[in-house]
Amino acid sequence: MSTEHQKNFSNTHDQLDIFRQTGWASEIRPDKQEAILSLGKVRNFKARSAVYSAGERSDGLYGVLNGVVELTHPNELGEMVAFHQVEPGYWIGDLAHLAKKERLITISAVTDAALLHLDASAIDFLLKQHPTLITDFYRLTYQNVRLALRLISSLSASQNTRAIVMRLLIHDDGGAPSSWFVLSQKSLAEMTGISYPTVRRVMRPFLENGWVETAPGRMRITNRSALLASCEST
């Protein structure tokens with residue numbers, strides 16, 4: 001594990017806003033939010049460094065505060081396959097911790113990233129002080145399983161256009177209308193198993209018609225209904 005440093009949560013107002021207003025933590029009561037902040041440690045990771053690896057014992061939960069984090073899973077040949085990238089507001093580590101089992105996936109920083117870490121002792125203390133947090137943790141597991149099922153469903157698409165549109169909609173989920181999300185066409189190709197030239201070909205009319213806009217490493221959907229209609233015509 002490669003980190004720059006670790007400290008109590010005392011970072012910028014932007015990171016505090018992300019914690020309180022985005023993702024799983026935004027759905028829990030303010031008093032429980034403050035309890036998590038008081039016990040959480042900010043851990044900073046350099047780009048391309050692992051936060052944790054598949055097969056390791058759980059060391060708690062992680063919430064992304066800034067940067068981009070990639071999720072990978074070893075296939076039957078032992079190759080690490082990237083299947084999703086996540087942004088601030090995303091929390092992970094719940095399943096292995098609650099089950100007291102080894103990690104199923106590897107998470108790594110794509111860019112320099114800061115994550116809020118709740119270790120096992122902090123979680124145990126929180127549950128003693130706020131027993132209803134167990135329901136919040138299971139809700140987190142529910143959200144992550146829901147995402148996993150959506151990703152699996154997108155892989156079952158028989159046509160490239162459908163697979164790509166489904167992936168775009170998954171990345172767009174939960175944000176404000178027309179909000180930017182981190183995704184490049186190369187990453188889209190890798191995570192869908194579709195060749196990069198094919199992704200570019202499928203994306204071309206989306207971009208030309210203004211249904212999707214791109215910036216370096218980012219995209220946003222500006223016309224969801226048109227994207228959905230493109231699937232119906234294929």
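In this predicted model, the side chains of Arg 218 and Glu 87 meet in a salt bridge, with 3.5 Å from N to O. The pair ties together distant parts of the chain, 131 residues apart: Arg 218 belongs to strand S12, and Glu 87 to the loop between S6 and strand S7 (91-92). Arg 218 counts as partly exposed because its relative accessibility is 31%. Glu 87, at 24%, also counts as partly exposed.

The structure holds 9 salt bridges. Another of them joins Arg 224 to Asp 172, the closest N and O atoms being 2.5 Å apart. This pair too links distant parts of the chain, with Arg 224 in helix H9 (residues 224-232) and Asp 172 in helix H6, 52 residues apart. Arg 224 is partly exposed, with a relative accessible area of 40%, whereas Asp 172 has 9% relative accessibility and therefore counts as buried, the cut-off being under 20%.

A salt bridge within one helix is found between Asp 136 and Arg 139, whose side chains meet at 3.0 Å, N to O. Both residues lie in helix H5, 3 residues apart, which is about one turn of the helix. Asp 136 is buried, with a relative accessible area of 5%, while Arg 139 counts as partly exposed at 24%. The two residues are also part of a network of salt bridges that includes Glu 27 and Lys 32.

Helix H5 itself has 23 residues, which at 1.5 Å a residue should span 33 Å; the end C-alpha atoms are 34 Å apart, so the length agrees. Besides Asp 136, the buried residues of H5 include Leu 133, Phe 137, Leu 140, Thr 141, Asn 144, Leu 147, Leu 151 and Ser 154.

Leu 140 is one position in H5 that can be followed further. Its relative accessibility is 1%, so Leu 140 counts as buried. Leaving aside neighbours within four places in sequence, Leu 140 is in contact with Trp 24, Leu 61, Trp 91 and Asp 94. Leu 140 and Ile 92 are 48 residues apart in sequence, but their C-alpha atoms are 8.2 Å apart in space.

Trp 24 leads on from Leu 140. Not counting residues up to four places away in sequence, Trp 24 touches Ile 36, Gly 89, Trp 91, Asp 136, Phe 137, Arg 139, Leu 140 and Gln 143. Both residues of the salt bridge inside H5, Asp 136 and Arg 139, are thus among the contacts of Trp 24.

The largest nonpolar core has 21 residues, and those touching the most other members are Phe 19, Trp 24, Ile 36, Trp 91, Leu 116 and Leu 118. Two or more residues of this core come from each of helix H1 (13-21), helix H2 (30-39), strand S4 (61-66), strand S9 (113-118), helix H4 (120-129) and helix H5 (133-155). Apart from this core lies another, of 20 residues, among them Leu 188, Val 199, Val 212 and Cys 231.

Leu 188 is also one of the buried residues of helix H7, along with Gln 185, Ser 187, Ala 189, Met 191 and Thr 192. Helix H7 (residues 185-192) is mostly covered, with 6 of its 8 residues buried. The buried residues of H7 pack against strand S6 (80-86), H5, helix H6 (160-172), helix H8 (196-208) and strand S12 (218-221). After H7 comes Gly 193, which has a positive phi, near 75°.

Notes: Residues numbered from 1 in each chain as written. Predicted model: local features only at pLDDT ≥ 70, side-chain atom pairs only at ≥ 80, totals over all residues. Heavy atoms only, no water. Core = buried A, V, L, I, M, F, W, Y, C linked by side-chain atoms within 4.5 Å. Buried < 20%, exposed > 50% of the residue type's maximum accessible area, 1.4 Å probe, protein only. Helix = DSSP H or I, 4+ residues; strand = E, 2+ residues; numbered from the N terminus. Contact = heavy atoms within 4.5 Å. Expected span 1.5 Å × (residues − 1). Salt bridge = Lys/Arg side-chain N within 4 Å of Asp/Glu carboxyl O.
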